[in-house]
Amino acid sequence: MPPTQAESVIKNIIREIGQECAGHGEIVSETLAAFMVKAVVLDPSNGFNMDRTLMKSDVQKLVKVCVCRLLDSKNPSLDTIKMQVYFDMNYTSREEFLEEHHRVLESRLGPVMREITDNRACAREELESLYRKIVSYVLLCSGLGSPTDIKIVREATAALQSVFPQAELGTFLTLSKKDKERQLHELTMIVTGIRLFNRDCGKGGEGIDDLPAILHEAIPATTQHIDSQIQIAQDQAYRYTAILEKAAKNPLMSVELQPYMLKEALYNVRQYEVFLQIILSDVITCAQEVEMMTKQLGAQLEQLKMTIKSKTAVPTSQVFPIFIALSRLWTSFQDETVLISVLSNLTTHLEPFLGSHDLLFPEKVMQNLLDGLTVKTDVCRVKEHLEDRVHLVDFRKQEWLFPETTANFDKLLIQYRGFCGYTFATTDGLLLPGNPAIGILKYKEKYYTFHTKDAAYLFAENPEHYIDLIKEKAKKNAELIQLLELHQQFETLIPYSQMKDVDKHYIKPITKCESSTQTDTHILPPTIVRSYEWNEWELRRKAIKLANLRQKVTHSVQTDLSHMRRENYSQVYPPKDASTQSMREGSTRVPRPQIYLAGLRGGQSKITSGVKVNLTRAVDET
């Protein structure tokens, strides 16, 4: 079948489905009908062969099945698909939303802008009318008050006349269209900055809302509401998971619970939780931007006050840039206000898609099913196996990533939105959170986490088998394609809001390891000629020096003062202790002399005669 004919057939099918549903009182959008057609065709239980041209009977059967599923008001699976379609149609990224918002504003102001730039006023009344149009454009473009309020118009006119008197309209009319548009934008920002400054000084600012104060109240309130809704969804998901986990171990209980559609309800609340997390992330980004802009606004106003002070005249080159900066900051505040409002409304409109839970699972039924069960949170389940880790020695071919060896560990895009693929494949669709601390398996440039170490080992033995099981399960429950981010396997069902995320599969881990390298200082022998000299004057100087040396004689002398400067060395033997010992001890003794003299004193006679008596003993007698 040619592509144009196939496209026509599909449009007719979607139109017929919409008419059938409208006849039963159910309004179905074309997007929802198209998604349901693809979901029904993918489901192998419906018996549609995608490789064969659809016959008339096949078309009638397809329409009948789609209408039947779209009219089933008590099916959580349908609520999940409706939620996904609604979110895809109404949610855009922050950058895309702001870009579209500014484009819409410019398109709405286009007629007013053309009236001004195409004007050929000559008479006085025509010039006054043109000036009033410029004032109206400034008010509409800045968003600071209504152009029908007299007080606001007077304030804006006074601010405009201070920078663009009416007498300059003649010069303005001579400009080209692009120059006129550029000057109007500049005048709008300058007038906006003047009015904001007057408001801060208490001398004006009629009709200007206090956006920073409004945002500081709205953002916490929105965050608190989203947090409470996330907590409700998580509590419900934890209860469904506990029941399904028990049923997975008890086949009889699993058969009994099949009419309750517990798995479909679990997918519904998990998808709701995922969407709320996305919205909450944007709200947190808004809060960060508002906090930063509030500081910048205060700094700009303080700088403007210091520049102006009590001066009667200030150079425009000093104040106009500050006025323009104030205007841009205020425009950013307006953008954040609109974005917060849109995110808050989106959160509110997602809540009705949970309506079937109260009908299918009243509190009494849930209490009976939860009797004797322990409800575990995702955090508790992760903590139970926090110490279990994959051993790399058990795997030679697979690559595993861990937090300490991967720099961008937290930024890797985990398959199945972080749920354990092995548990989902082996328990017929049970969603249990994966634990990255166990280890992330890298297989064909994709990354997988697991609930337990055993699940990781079993999945790693044959990854293709479990990946195919998950794909076949997703064909039966089309909402799983977006919930588990299986867009690569079902490219025709990629939502527009997530098409930009497809390239994230190419994020590669930055692994870390200890390594060392050493290189030779000079691998090749040096070829530098040190004696080379490029300067001819230097060569001349060296030549003269050599010529002079040929006529010189070298002498060396040594003086009394210089000879002591040389280094001398001497060597001595260190003293040592020595002793001797004789064979025997001996001694000698000589006689003591004993000599006596007598008669030396004299007597009666005149002649003295002395007598010497030697009493010393002989040597041999001693």
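Select Tyr416 first: this residue sits in the loop between S1 and H17. The model is a predicted one, and the backbone here merits inspection. Tyr416 is not a glycine, yet its phi is positive, at about 60°. With a relative accessibility of 4%, Tyr416 counts as buried, because the limit for that class is under 20%.

Move next to Arg417, which is also placed in the loop between S1 and H17. Arg417 again shows a positive phi in a residue other than glycine, near 55°. Its relative accessibility is 22%, so Arg417 counts as partly exposed.

**The aromatic pairs**

Return to Tyr416 and add Tyr448 to the selection. What is the geometry of the aromatic pair that Tyr416 and Tyr448 form? The pair is tilted, with 5.8 Å from centre to centre and 55° between the planes. Tyr448 belongs to strand S3 (residues 446-448), while Tyr416 is in the loop between S1 and helix H17 (421-426); the pair therefore ties together parts that are 32 residues apart in sequence. Both Tyr416 and Tyr448 are buried.

Now select Phe395 and Tyr457. Their ring centres are 4.9 Å apart and their planes stand at 55°, so this pair too is tilted. Phe395 is in the loop between helix H16 (378-384) and strand S1 (399-401), and Tyr457 is in helix H18 (residues 453-461); because of these positions, the pair ties together parts that are 62 residues apart in sequence. Phe395 and Tyr457 are each buried.

Widen the selection to see the setting of these rings. One aromatic cluster is formed by Phe395, Trp400, Tyr416, Tyr422, Tyr448, Phe450, Tyr457, Phe459 and Tyr466. The count of aromatic pairs comes to 15.

**The second largest pocket**

Centre the view on Leu105, Glu106, Leu109, Cys141 and Ser142, the residues that lie nearest the centre of the second largest pocket, out of the 27 that line it. Which elements give two or more residues to this lining? They are helix H5 (94-117), helix H6 (124-142), H9 and helix H13 (316-350). Colour H5 separately, as it supplies the largest share of the lining, nine residues. The space in this pocket is about 770 Å³. Colouring by residue class shows a lining of nine nonpolar, 11 polar and seven charged residues.

**Helix H9**

From the pocket, follow H9 along its length by selecting residues 177-201. The helix has 25 residues, and at 1.5 Å a residue it should span 36 Å; the C-alpha atoms at its ends are 36 Å apart, so the expected and modelled spans agree. Step just past the end of H9 to Gly202, where phi is positive, at about 80°.

**The largest cavity**

A search of the whole structure finds two cavities of 30 Å³ or more. To display the largest cavity, select Asn90, Tyr91, Thr92, Phe97, Leu339, Val342, Leu343 and Leu346, which line it. The space in this cavity is about 50 Å³. Which element gives the largest share of the lining of the largest cavity? H13 does, with four residues. By class, this lining has six nonpolar residues, two polar residues and no charged residues.

**Strand S5**

Go on to Val611, found in strand S5 (residues 611-614). Is Val611 buried, partly exposed or exposed? At 47% relative accessibility, Val611 counts as partly exposed. Add Tyr596, Leu597 and Ala598, with which Val611 is in contact when its neighbours within four places in sequence are left aside. Select Gly599 as well: Val611 and Gly599 are 12 residues apart in sequence, and their C-alpha atoms are 6.1 Å apart in space.

**The whole chain**

Finally, clear the selection and view the entire protein chain. The secondary structure comes to 21 helices and five strands. Of the 622 residues in the chain, 38% are buried. Among contacts with a separation of 6 or more, 72% are between residues 24 or more positions apart.

Note on methods: Residues numbered from 1 in each chain as written. Predicted model: local features only at pLDDT ≥ 70, side-chain atom pairs only at ≥ 80, totals over all residues. Heavy atoms only, no water. Expected span 1.5 Å × (residues − 1). 1 Å grid on protein atoms, 1.4 Å probe; cavity = no way out; pocket = protein on both sides within 12 Å on 5 of 7 lines; lining within 4 Å. Points joined across faces, edges and corners; volume = space filled by probe spheres on them. Nonpolar A, V, L, I, M, F, W, Y, C, P; charged D, E, K, R; others polar. Phe/Tyr/Trp six-rings, centres within 6.5 Å; stacked < 30°, edge-to-face > 60°. Buried < 20%, exposed > 50% of the residue type's maximum accessible area, 1.4 Å probe, protein only. Contact = heavy atoms within 4.5 Å.
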